[in-house]
Amino acid sequence: MDDELTERVRREAETAALYNALKHDSDAQVGAIMGPLMGENPEFREHGDEIPGIIAPVIDEVNAMDAEQQRERLAELAPERVEELEAEDEGEEDVLPDLPNADDYDEVRMRCAPNPNGPWHIGHARMPAVIGTYAEEYDGEFIVRFDDTDPETKRPLLWAYDEILEEIDYLGFEPAEVYRASDRLETYYEHARDLIDLGGAYTCSCPAGEFSELKNNGEACPHREKDVETVHEEFEAMVDGEYDSGEMVLRVKTDIEHKNPALRDWVAFRIIDTPHPREEAEQYRCWPMLDFQSGVDDHLTGVTHIIRGIDLQDSAKRQQFVYDYFDWDYPEVIHWGHVQVDAYDVKMSTSTIRELIDAGELDGWDDPRAPTLPSVQRRGIRGEAIVDAMVELGTSTSNVDLSMSAIYSNNRDLVDDEAPRQFLVRDDFEARAEDVDEEYAAIQVPVDGGPDSANPPVHPEHEDRGERDIPVEDGVLLEEDDLPAVGERVWLKGYGPVRYDGERFEFLDADIDIVREEHVDVVHWVPADDNVRVRLRTMDGDVTGYAEPGFADVDPDEVVQFVRVGFARCDRHDADESVAYYAHP
């Protein structure tokens with residue numbers, strides 16, 4: 001890389017670091033700067049191996065400034081970025097559009113209808129995030145209905161019901177009511193009987209392929225004009241379990257010549273021989289299809305507004321036939337596109353994740369590599385950070401991409417002020433993701449001439465929280481990449497300046513100006529002996545290393561910032577090591 005490009009990298013990195021530090025009121029991090037830097041400057045990408053070494057000292061210089069100095073320097077380099085910060089400080093406008101015809105209803109009621117076949121992946125969080133926010137905005141109610149009427153293809157997991165409710169609580173919402181569709185079979189049967197009386201349904205024993213051919217040709221099924229009494233008798237036989245799977249169905253009578261074949265005389269009930277896993281529902285064999293069950297429930301539970309995927313537009317059209325028979329008013333409907341989340345190699349699919357767990361390729365639903373809510377929660381990411389990012393996507397009918405960096409940014413705002421600082425020196429890396437090549441090694445170096453201990457602040461912005469006591473008597477450990485060349489200097493963060501003679505560090509009589517003016521690197525370290533063995537679980541693999549002694553006193557579930565590494569949630573302290581989960585830069 002030539003000198004001109006190197007200077008450009010330094011300048012762009014300084015601008016990005018200043019903006020990052022001011023926006024989040026915390027130290028800028030290399031990891032948080034790299035992504036935007038490479039994205040906005042594609043010509044830097046071919047030098048990706050060199051960039052971190054160039055920008056690290058720049059970021060250290062920025063972090064050595066106070067907030068006023070940072071703002072003044074940013075105003076010199078990029079005054080427009082200061083204007084962006086000021087605009088953000090003034091607050092952002094609501095990004096969710098108004099609900100259609102909300103004033104026509106005494107109370108807004110919206111529903112989240114999960115299938116309890118496993119914990120939620122991150123994409124699932126969009127629905128409760130948005131409808132929960134709408135419910136709060138309109139002083140309405142948010143209900144949860146478990147659509148668990150398919151005990152075979154989408155077989156529920158008994159523990160997933162409570163798990164999903166816990167995830168809703170994690171996101172910050174409390175449903176006003178909770179229903180399980182498998183508790184409501186008799187209600188669906190009664191409405192099916194009423195529909196038969198209205199001439200809106202008939203029993204059909206056509207083989208699936210035969211009916212499909214008739215339907216696609218716009219021809220009526222030969223069973224369509226059965227008398228009501230016969231339909232009732234055959235439907236009761238379905239309810240009593242007298243038919244085998246596939247032998248008889250109940251169809252909603254629509255328009256057999258409808259321009260959309262998918263809407264022609266669709267199935268409302270079918271026979272499933274596989275017993276439901278819930279004891280309360282295991283005796284049933286006649287199960288409603290989702291469009292019938294959901295349509296009936298939305299009316300009976302007073303749902304006023306429905307949000308569903310753009311690919312489910314036919315559901316509203318099918319259900320409208322049932323609503324017309326019963327003379328019901330259909331709820332307002334908002335269709336939106338799918339959300340895709342970056343940063344994961346694992347597909348956002350409950351069935352795929354379950355297959356990987358069963359195959360031993362993932363440790364569980366909360367494996368750091370799994371794109372699930374249990375995973376991000378274990379990593380120390382707060383539900384509010386996810387909700388804010390999802391709400392910011394709005395309700396566009398287009399498919400949308402959610403960058404995990406948006407969630408990380410939100411979470412950084414939430415945890416940074418509380419997170420105590422800690423040092424972690426990485427010593428090894430066990431890659432578990434594909435195409436990951438990281439190496440760490442810890443180097444022990446004696447220190448001569450300096451104080452016996454360092455006393456960096458617990459939090460640089462809160463002097464009242466006190467200082468950490470980190471002994472230095474037997475020398476320090478630092479990461480191999482941070483070891484200076486013989487004769488060069490580094491600043492041991494929280495301790496002071498030292499020079500490396502090839503074997504030892506000699507403490508120097510110098511102040512912080514050598515960092516600002518002479519570009520001396522600031523590095524993190526831990527005591528050579530009095531330290532805590534740590535396993536840091538990340539999306540790419542497990543990093544092992546050593547933390548300062550105070551990490552042993554960090555409570556499980558507390559989030560800390562490992563300086564120059566990132567935020568992490570303390571998971572547990574075992575006899576031989578402490579375990580933490582990496583959250584983000």
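The exercises below, each with a worked solution, concern a predicted model of a protein.

**Exercise 1. An overview**

Describe the protein by its secondary structure, its extent and its share of buried residues.

Solution. Begin with the secondary structure, which comes to 17 helices and 28 strands. Next take the extent: along its principal axes, the C-alpha trace spans about 100 × 50 × 45 Å. Finally turn to burial, where 54% of the 585 residues count as buried.

**Exercise 2. A sheet of five strands**

Find the order of the strands in the open sheet of five strands, and explain why strand S15 and strand S22 each have one side without a neighbour in the sheet.

Solution. The first step is to read the order, which is S15-S21-S20-S19-S22, and to note that the pairing is mixed. The second step is to look at the ends of this order: S15 (447-448) and S22 (521-523) stand at the edges and have a single partner strand each, so one side of each is left without a neighbour in the sheet. The third step is to examine one pairing in detail, namely that of strand S19 (residues 489-492) with S22, which is parallel and runs over three bridges. Within this pairing, Leu492 has Val523 of S22 as its bridge partner.

**Exercise 3. A sheet of three strands**

Work out which strands stand at the edges of the open sheet of three strands, and which residue in S23 stands opposite Val476.

Solution. Start from the order S14-S18-S23, in which the pairing is antiparallel. Strand S14 (442-445) and strand S23 (526-527) are therefore the edge strands, each with a single partner strand. Now consider strand S18 (residues 476-479), which is joined to S23 by two bridges, the two strands running antiparallel. The residue of S23 that stands opposite Val476 is Pro527.

**Exercise 4. Three salt bridges**

For the salt bridges of Glu234 with Lys226, Arg516 with Asp513 and Asp557 with Arg569, state the distance and decide whether each residue is buried, partly exposed or exposed.

Solution. The reasoning needs two cut-offs, since buried means under 20% relative accessible area and exposed means over 50%, with partly exposed in between.

1. In the pair of Glu234 and Lys226, the closest N and O atoms are 2.5 Å apart. Glu234 has a relative accessible area of 17% and is buried, whereas Lys226, at 22%, counts as partly exposed.
2. Arg516 and Asp513 meet at 3.6 Å, N to O. Both belong to helix H17 (residues 513-518), where they are three residues apart and thus separated by about one helical turn. Arg516 is partly exposed at 36%, and Asp513 is partly exposed at 29%.
3. Asp557 and Arg569 meet at 2.8 Å, N to O. Asp557 lies in the loop between strand S25 (541-547) and strand S26 (559-562), while Arg569 lies in strand S27 (residues 566-573), so the pair ties together parts that are twelve residues apart in sequence. Asp557 is exposed at 54%, but Arg569 is buried at 10%.

**Exercise 5. Charges in groups**

Locate Glu439 in the chain, decide whether it is buried or exposed, and name residues that form the negative surface patch with it.

Solution. First, Glu439 is found in the loop between strand S13 (424-431) and S14. Second, its relative accessibility is 67%, and Glu439 therefore counts as exposed. Third, the negative surface patch includes Glu439 together with Glu434, Asp435, Asp437 and Glu438, and Asp345, Glu480, Asp481 and Asp540 also belong to it. Elsewhere in the list of charged groups, a network of salt bridges links Asp363, Glu430, Arg432, Arg535, Arg537, Asp542 and Glu577.

Notes
Residues numbered from 1 in each chain as written. Predicted model: local features only at pLDDT ≥ 70, side-chain atom pairs only at ≥ 80, totals over all residues. Heavy atoms only, no water. Pairing = 2+ DSSP bridges. Helix = DSSP H or I, 4+ residues; strand = E, 2+ residues; numbered from the N terminus. Patch = residues over 30% accessible without salt bridge, like charges linked within 9 Å, V, L, I, M, F, W, Y side chains within 5 Å. Areas by Shrake-Rupley, 256 points an atom, 1.4 Å probe, with all protein chains shown as cover. Salt bridge = Lys/Arg side-chain N within 4 Å of Asp/Glu carboxyl O. Lys, Arg positive; Asp, Glu negative; His and termini not counted. Charge placed at Lys NZ, Arg CZ, Asp CG, Glu CD. Buried < 20%, exposed > 50% of the residue type's maximum accessible area, 1.4 Å probe, protein only.
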